[in-house]
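The exercises below are meant to be worked through with the sequence and the model side by side. Try each task before reading the solution that follows.

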Amino acid sequence: MLHNHMKEKIGKEFLRWYRKVAQSKLTDGNLIRAINTWAVSLIRYAGGIIAWKEQELQELNRGTKALLIMTGAFKFIHEIV
C-alpha cells in the first residue's frame, strides 16, 4: 500500500469537504454537525488503516483553522469551544 500517496489524497479530500461545509450558510450547531459527519469521519476511518504522524495531523489542523478563518466560520467554532 502506498501510505504517503493515500495520506496526501485523504488530506486533500478532507480539506475539500471541510471547505465546502465551511462555505455553506449553516448555523453554528449545524456547521459543527456537518464537519463532524463529513470531514472528521474521513480521517477517523482512514486512521484505522493508515498510521498518521502527529506532525501530519497538526498540519491538517492548521489548514482547517485557516479555512475557517477565511470563510468567517471560525467565530462560531471559537464561541462553542
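**Exercise 1.** Which side chain meets that of Glu56 in a salt bridge? Work from the predicted model, and then describe where the two partners sit and how accessible they are.

*Solution.* Step one is to find the partner: the side chain of Glu56 meets that of Lys7 in a salt bridge, with 3.1 Å from N to O. Step two is to place the pair along the chain, where Glu56 belongs to helix α3 and Lys7 to helix α1, so that the bridge links distant parts of the chain that are 49 residues apart. Step three is to compare each residue with the cut-offs, since buried means under 20% relative accessible area and exposed means over 50%. Glu56 has 22% relative accessibility and therefore counts as partly exposed, whereas Lys7, with a relative accessible area of 11%, is buried. Step four is to look around Lys7, which, when neighbours within four places in sequence are left aside, is in contact with Ile50, Ala51, Trp52 and Glu56.

**Exercise 2.** How many salt bridges does the structure hold? Describe those formed within helix α1 by the side chains of Glu8 and Glu13.

*Solution.* The structure holds 3 salt bridges, and the pair of Glu56 and Lys7 from the previous exercise is one of them. Turning to Glu8, its side chain meets that of Lys12 at 3.3 Å, N to O. Glu8 and Lys12 both lie in helix α1 and are 4 residues apart, which is about one turn of the helix. Glu8 is partly exposed, with a relative accessible area of 47%, while Lys12, at 56%, is exposed. Turning to Glu13, its side chain meets that of Arg16 in a salt bridge of 2.5 Å, N to O. Glu13 and Arg16 are also both in helix α1, 3 residues apart, again about one turn of the helix. Glu13 counts as partly exposed at 26% relative accessibility, and Arg16 is partly exposed as well, with a relative accessible area of 35%.

**Exercise 3.** Are α1 and α3 roughly parallel or roughly antiparallel? Give the reasoning, and then describe the residues that bring the two helices into contact.

*Solution.* Begin with the geometry: helix α1 (residues 3–23) and helix α3 (residues 54–71) pack at an angle of about 20 degrees, with their axes 10 Å apart. Because this angle falls in the range under 35 degrees that counts as roughly parallel, α1 is roughly parallel to α3. The crossing of α1 and α3 is right-handed. Next, consider the contact itself, where residues of α1 including Lys7, Gly11, Phe14 and Tyr18 meet residues of α3 including Glu56, Leu60, Gly63 and Thr64. By class, this contact of α1 with α3 has 7 nonpolar, 5 polar and 3 charged residues. Finally, take Thr64 as an example from helix α3: at 6% relative accessibility Thr64 counts as buried, and, not counting residues up to four places away in sequence, Thr64 touches Phe14, Leu15 and Tyr18.

**Exercise 4.** At roughly what angle do the axes of α1 and α2 cross? Classify the arrangement and examine the contact, using Ile35 as a worked case.

*Solution.* The axes of α1 and α2 cross at roughly 175 degrees and come within 9 Å. Since angles over 145 degrees count as roughly antiparallel, α1 is roughly antiparallel to α2. Among the residues that meet here are Ile10, Phe14, Trp17 and Val21 in α1, and Leu31, Ile35, Trp38 and Ile43 in α2. The residues of the contact of α1 with α2 divide into 15 nonpolar, no polar and 1 charged. For the worked case, locate Ile35 in helix α2, which covers residues 28–47, and note that Ile35 is buried, with a relative accessible area of 6%. Leaving out residues up to four places away in sequence, Ile35 touches Tyr18, Val21, Val40 and Leu68. As a last step, compare sequence with space for one of these partners: Ile35 and Val21 are 14 residues apart in sequence, and their C-alpha atoms are 6.5 Å apart in space.

Methods:
Residues numbered from 1 in each chain as written. Predicted model: local features only at pLDDT ≥ 70, side-chain atom pairs only at ≥ 80, totals over all residues. Heavy atoms only, no water. Buried < 20%, exposed > 50% of the residue type's maximum accessible area, 1.4 Å probe, protein only. Contact = heavy atoms within 4.5 Å. Axes fitted to C-alpha atoms, helices over the stretch in contact; angles between N-to-C directions. Parallel < 35°, antiparallel > 145°, perpendicular 65-115°, else oblique. Left-handed = near helix turned anticlockwise from the far one by under 90°. Nonpolar A, V, L, I, M, F, W, Y, C, P; charged D, E, K, R; others polar. Salt bridge = Lys/Arg side-chain N within 4 Å of Asp/Glu carboxyl O.
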